[in-house]
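Here are a few exercises to work through with the model open beside you. Try each one before reading its solution.

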Amino acid sequence: MIRKRRLFPALLVAGLAASSLLLGYRGDNGEAAPQLELSGNYFFRNARVALTGGDGLASMRIEAGSARRDLEDSALKLEDVSIRRGNPPALSLVADSALLPNKSADLSAQGNLRLAFGPSGTWMAKAEHARMQTNGTRVTLTGQVSFSRADGPGGSPSISGEHLVLDAEDMTARTDRPVRVRIGDVVFEANGLNAQVAAETITLDSDVQATINP
């Protein structure tokens, strides 16, 4: 079960200004300081973003070559992005760009998107787009998705389709859309899938067909 909690974004940046800026920081007494509001446009290089929970601990860390917010749009636009959840990371994503909306909306990323997943990052995913909850728990991949072990033998399973949801707490991959699974020379096609990533077990939902495709 996913535990929902209120998240507070924190942005620490350096580059264009001599000083650093911290949004949503905590005071020395451990109490959360008031959220800071910036007016106008701003642009920073080499930005570091920490998304924290009510306990003040970082649930997800983001590094970007640049961060920009326009006066007309409160969303934070990130370029050359790296996102990590956990230490060691149970989820690590890189992409050309990402959009971090104000409030608690999902983060979105796209462009040369690569994702490492699993207790030791042994599963790799590629996709055109990703939507990630701001606590990094769940990532939805869409558009020419592929998911497979990075260091597995030739018989290790690989999953492909147009939609896949990864859960970093349960270590699962699932979809309710058409999907293809290849294990060695056998290719399975089905509507829907649930995979236990750590145990490497896959359950296909319906309309399952299998072909040998060496």
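Two strands count as paired if DSSP finds at least two bridges between them. Keep in mind that this is a predicted model.

**Exercise 1.** Work out which strands pair with strand 10 and how strand 10 connects to strand 11.

*Solution.*
- Start with strand 9 (residues 138-149): it runs antiparallel to strand 10, and nine bridges join the two. One place to look is Ser-158, the bridge partner of Ser-148.
- Now go to the other partner, strand 11 (residues 172-183), which pairs with strand 10 over seven bridges, again antiparallel. Here Gly-161 has Val-179 as its bridge partner.
- Finally, trace the link: strands 10 and 11 make a hairpin with four residues between them, and Met-171 in the turn has a positive phi of about 55°.

**Exercise 2.** Decide whether Met-60 is buried or exposed, and find what surrounds Met-60.

*Solution.*
- Place the residue: Met-60 sits in strand 4 (residues 58-70).
- Apply the cut-off: its relative accessible area is 1%, and buried means under 20%, so Met-60 is buried.
- Look around: beyond its sequence neighbours up to four places away, Met-60 touches residues including Val-49, Leu-51, Ile-83 and Met-132.
- Check one of these: Ile-83 is 23 residues away in sequence, yet the C-alpha to C-alpha distance is 7.2 Å.

**Exercise 3.** Find which residues have the most contacts inside the largest nonpolar core.

*Solution.*
- The core has 44 residues, and the best-connected are Leu-93, Leu-115, Phe-117, Leu-141 and Phe-147.
- Strand 6 (residues 89-100) contributes the most, six residues.
- Take Leu-141: its contacts more than four places away in sequence include Leu-115, Ala-127, His-163 and Leu-164.

Technical notes. Residues numbered from 1 in each chain as written. Predicted model: local features only at pLDDT ≥ 70, side-chain atom pairs only at ≥ 80, totals over all residues. Heavy atoms only, no water. Core = buried A, V, L, I, M, F, W, Y, C linked by side-chain atoms within 4.5 Å. Buried < 20%, exposed > 50% of the residue type's maximum accessible area, 1.4 Å probe, protein only. Contact = heavy atoms within 4.5 Å.
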